[in-house]
Amino acid sequence: MKVSEETTALYPDVIATGSLANAVQQALQKLGSALRVAEHDNGYNFVVYARVEEGSRFSQIYIAAQERLFLFDLWNKGIMLAQGKTPDLDEMVNAIDKWISAKIKIDVLTQKFRFVTAEAGASAHEEGNGVEYRWQSYLKEMSHPELVDLVRAASKRDQLRSLFPFTSLCNLCFSRCTGYPYSGDLPYIQPMEDGQFRVRDHSGRVLGKGSVEEAINITIANLPANCGPAIAGTASDLDVPFVCKTTDRPET
């Protein structure tokens, strides 16, 4: 694969190893870490991308184009909890190793490595309060005005309050897990132009329509038995055959 002169000049250490994955692996070995860079055959340019994972934790690593900067994120149970950036490959690898191998909490990690920034709600998710944090966030600020009254009403119903809410293409959706990919076996609610709401099942079949309360009642009536509370994890941790089909990637 041809590499630009600018990339070669900014990342001579990476280019010398043949790929970012190799450079990260060598840095991990120098650190004495047992972590291994994941092998992926998914079309990524491995000069500019690498992934380190173990169990439910992983980090995706990229390089910046205009300056020497390693960019990375930190995930656990399907939730991105932090992001970081530094020009120092060894510093980055040390932070990733502490996150994945030592499993230290995000607030401790950000204190130790100042180039790591926690995402909003990271502590809530680590403490097992991700569902309530999301509901409170939506009640405080909802980017889709047409869903404001719906979210307020849904939050008062225990059957829905125990599930993880998310929006997708202006739809209000619910998941049995807090991490992405979300479960997609639950009904979701669509706003209509006349101010009413349409409820669909995971396959898109219309279950009914009506006012805010009517839509919520239809949704609750079509929930699978014992579908809550939402677990900390992803759809792969649940015995469900579907993931969200309403869009490639849900909004947050």
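Q: A salt bridge is a side-chain nitrogen of Lys or Arg lying within 4 Å of a carboxyl oxygen of Asp or Glu. In Asp 201 and Arg 205, which form one, how far apart are the closest N and O atoms?
A: The model is predicted, and its distances are computed from it. Asp 201 offers a carboxyl oxygen and Arg 205 a side-chain nitrogen, so the cut-off to meet is 4 Å. For Asp 201 and Arg 205 the closest N and O atoms are separated by 3.2 Å.

Q: Is Asp 201 buried or exposed?
A: A residue counts as buried under 20% relative accessible area. Its salt-bridge partner Arg 205 has 52% and counts as exposed. Asp 201 has a relative accessibility of 11%, so Asp 201 counts as buried.

Q: How many salt bridges does the rule give in total?
A: The pair of Asp 201 and Arg 205 is one of them. Asp 13 with Arg 68 is another, and so is Arg 157 with Glu 213. The total count of salt bridges is 9.

Q: How many residues apart along the chain are Asp 13 and Arg 68?
A: These two form a salt bridge with the closest N and O atoms 2.8 Å apart. Asp 13 counts as partly exposed at 31% relative accessibility, and Arg 68 counts as partly exposed at 24%. Asp 13 sits in helix 2, while Arg 68 sits in the loop between strand 2 and strand 3. The pair links distant parts of the chain, and the separation in residues is 55.

Q: Which parts of the chain does the pair Arg 157 and Glu 213 tie together?
A: Arg 157 and Glu 213 form a salt bridge, with the closest N and O atoms 3.5 Å apart. Arg 157 is partly exposed at 22%, and Glu 213 is partly exposed at 40%. The two residues are 56 apart in sequence, so the pair ties together the loop between helix 8 and helix 9, and helix 10.

Q: Where is Ser 155, and is Ser 155 buried or exposed?
A: Ser 155 lies in the loop between helix 8 and helix 9. Neighbours within four places in sequence aside, Ser 155 is in contact with Trp 135, Leu 139 and Arg 161. With a relative accessible area of 10%, under the 20% limit, Ser 155 is buried.

Q: Which elements do the buried residues of helix 10 pack against?
A: Helix 10 covers residues 212–221, and its buried residues are Ala 215, Ile 216, Ile 218, Thr 219 and Ile 220. One of them, Ile 216, also belongs to a nonpolar core of 29 residues. The elements packed against are helix 8, helix 9, strand 7, strand 8, strand 9 and strand 10.

Q: How far apart are the C-alpha atoms of Gly 210 and Gln 26?
A: Gly 210 lies in strand 10 and counts as buried at 2% relative accessibility. Leaving aside neighbours within four places in sequence, Gly 210 is in contact with Gln 196 and Phe 197. Gln 26 is 184 residues from Gly 210 along the chain, and their C-alpha atoms are separated by 59 Å.

Q: Which element supplies the largest share of the largest nonpolar core?
A: In soluble globular proteins, nonpolar side chains tend to be buried together. The largest nonpolar core here has 35 residues, and those with the most contacts inside it are Val 24, Val 52, Ile 61, Leu 74, Met 92 and Val 116. Helix 3, strand 1, strand 2, strand 3, strand 4, helix 4 and helix 5 each supply at least two of its residues. The largest share, 7 residues, comes from helix 4.

Q: At roughly what angle do the axes of helix 3 and helix 4 cross?
A: Two packed helices are described by the angle between their axes and the distance between the axes. The axes of helix 3 and helix 4 come within 9 Å. Residues making this contact include Val 24 and Leu 28 of helix 3 and Met 92 and Val 93 of helix 4. The two helices count as roughly perpendicular because angles of 65 to 115 degrees fall in that class, and their axes cross at roughly 70°.

Q: What percentage of the 252 residues is buried?
A: The protein has 10 helices and 10 strands. Its C-alpha trace spans about 65 × 35 × 30 Å along the principal axes. The buried share of the 252 residues is 48%.

Definitions and conventions:
Residues numbered from 1 in each chain as written. Predicted model: local features only at pLDDT ≥ 70, side-chain atom pairs only at ≥ 80, totals over all residues. Heavy atoms only, no water. Axes fitted to C-alpha atoms, helices over the stretch in contact; angles between N-to-C directions. Helix = DSSP H or I, 4+ residues; strand = E, 2+ residues; numbered from the N terminus. Parallel < 35°, antiparallel > 145°, perpendicular 65-115°, else oblique. Contact = heavy atoms within 4.5 Å. Buried < 20%, exposed > 50% of the residue type's maximum accessible area, 1.4 Å probe, protein only. Core = buried A, V, L, I, M, F, W, Y, C linked by side-chain atoms within 4.5 Å.
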